[in-house]
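Thanks for making the time this morning. I would like to spend a few minutes on aromatic rings and their partners, so please have a look at the entry on the screen before I go on.

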Amino acid sequence: AGCPMGGGGSRLYGALAQTLSSSGGGSSSAAAAAAAPRERGGQPEAEPEPMEARELLAECRLVLRRRPPRCRRRFVDLRQGAAGGPRPIRVMQWNILAQALGEGKDNFVQCPMEALKWEERKCLILEEILAYQPDILCLQEVDHYFDTFQPLLSRLGYQGTFFPKPWSPCLDVERNNGPDGCALFFLKDRFELINSANIRLTAMKLKTNQVAIAQTLKCQETGRLFCIAVTHLKARTGWERFRSAQGCDLLQNLKSITQGAKIPLIVCGDFNAEPTEEVYREFSNSSLNLNSAYKLLSPDGQSEPPYTTWKIRPSGECRHTLDYIWYSQHALNVNSALGLLTEEQIGPNRLPSFNYPSDHMSLVCDFSFNQDPDRLL
C-alpha cells in the first residue's frame with residue numbers, strides 16, 4: 001500500500017535512493033571512508049537537509065508496496081495515576097539483525113533469501129522506527145550505520161553514536177559492509193548530550209568483543225539529567241559465566257557514570273540471557289535499583305514476556321527472552337509499553353520474514369520522571 005508522497009516527494013526520493021546503492025556489497029574500508037567527515041573544497045559538508053518522518057515513511061512504504069501488510073502492535077497503558085506532567089520519553093530497544101549475518105551466517109532456514117534483500121529489509125527497519133518515533137533509539141547488530149541509519153536519522157533530527165565490535169563476525173562474511181556494533185540515537189531538540197562513554201566490556205579482567213555506549217543526557221523540557229546505555233552481550237549457550245562477568249563490568253561502569261544511582265538510568269540491550277541466568281539476577285539485585293520494564297506487562301508485574309526472539313535454525317526452533325529495557329525504579333515510571341507480536345502474527349515460519357525484518361522484536365517504552373525523586377532509593 002503506497003502512501004501519497006506529499007509535496008516534497010520527488011525532491012525527497014533521493015533520501016532512500018542514496019542509500020539503496022549500498023545494498024550490502026560494500027566493505028569495511030567503505031564504511032571507514034563514510035565515517036570520515038566529507039569535505040567539499042576544504043570545507044566540511046553542510047548539515048544534512050532536514051526531513052519529515054512522514055515523508056521518509058511514505059518513501060519506505062512505496063518500496064515495500066509488494067510485501068504483505070505489517071502486523072499491528074498496541075501500547076499497553078501502565079500508569080498508576082492520572083496522566084499529566086511533561087511529555088514522556090519514548091525509548092526503543094532493538095536488535096535489528098546485521099545484514100551480513102542475516103544473509104551469510106545465521107541460517108534462518110524458513111526465511112526466503114528474498115525477504116532479506118537489504119534494499120527492502122532496510123525499509124522495513126526504518127518503517128518500524130518511524131511507526132513508533134522514539135525519542136531515543138538503542139540498536140544492536142548495526143552494520144549499515146554510516147551508509148544508512150546515520151545519514152537518514154540525522155535528517156530526522158537525531159544525533160547518533162556508533163561503537164563497533166572489535167572483531168565483528170560480519171567481517172568473516174564475503175561482501176560485508178564493515179563491522180556490526182551498537183548504535184545510540186537521540187532527538188537533538190529534546191536532549192542535550194552532557195557526556196558519552198564507549199565501553200569495551202571486560203570479563204575476568206580480559207577485554208572482550210562486546211561493547212556498550214552510555215550517554216548522560218539533559219532533558220531540555222525539565223532540565224533533568226539521566227543516563228541511557230545500550231549493550232549486546234556475548235551470545236551462545238555455555239557462555240553464561242562470561243555474560244555474568246560482562247554484566248558486572250557494565251554495572252560497575254554505570255555506577256560510576258550515574259554517581260551511584262544519583263542520575264536516573266535506562267539500560268537497553270540484547271543480553272543473550274534468559275531471566276533464569278546469573279546476569280539477569282545481577283541487574284535485578286544491583287545497588288542501582290533497576291527493574292525490567294517489560295515485566296510490567298505480565299498480570300502480576302513479576303515475569304518477563306514469553307519471548308522477544310523467535311526463529312528457526314537448522315538445529316530447530318529457538319524461542320527466547322533475551323532483550324530488556326532496565327530502568328531506575330526509584331526515579332522513573334513506565335507510562336506504557338508496546339505489546340509484543342503474538343504467535344499468530346509471527347506466523348509458522350517465525351522471524352525474520354517478509355513482514356518483519358529481524359529475528360528480535362523491538363521493545364518500546366514511554367518513561368516519565370518520578371515527581372518525588374528524593375524519596376529513599
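Let me begin with a question: which residue lies over the face of Trp310, and at what distance from the ring centre? It is Arg319, placed at 5.0 Å from the ring centre of Trp310, and I should say at once that this is a predicted model. A second contact of this kind involves Trp167, where the charged end of Arg200 sits over the ring, 5.1 Å from its centre.

Turning to rings that pair with other rings, the count comes to 19 aromatic pairs, and I will take two of them. In one of these, Tyr145 and Phe162 are stacked, with 4.9 Å centre to centre and 10° between the planes. Because Tyr145 belongs to helix α7, residues 145–155, while Phe162 belongs to strand β6, residues 158–164, this pair ties together parts that are 17 residues apart in sequence. Tyr145 is buried, as is Phe162, and both are members of one aromatic cluster, in which they are joined by Phe146, Tyr158 and Phe185.

The other pair I chose is Phe226 with Phe369, which is edge-to-face, at 6.0 Å centre to centre and with 65° between the planes. Here the link is between distant parts of the chain, since Phe226 sits in strand β10, residues 225–232, and Phe369 in strand β17, residues 363–369, with the two positions 143 residues apart in sequence terms. Are these two rings' residues, Phe226 and Phe369, buried or exposed? Both of them are buried.

Definitions and conventions:
Residues are numbered from 1 along each chain as its sequence is written. This is a predicted model: local features need pLDDT of at least 70, side-chain atom pairs count only at pLDDT 80 or more; totals for chains, interfaces and linings use all residues. Side-chain values use heavy atoms; hydrogens and water are left out. Rings of Phe, Tyr and Trp (its six-membered ring) pair if their centres lie within 6.5 Å; planes under 30 degrees apart count as stacked, over 60 as edge-to-face and the rest as tilted. Helices (H or I, at least four residues) and strands (E, at least two) are DSSP runs, numbered from the N terminus. Buried means under 20% relative accessible area, exposed over 50%, partly exposed in between (1.4 Å probe, protein chains only). A charge sits over a ring if NZ of Lys or CZ of Arg is within 6 Å of the ring centre and within 35 degrees of the ring normal.
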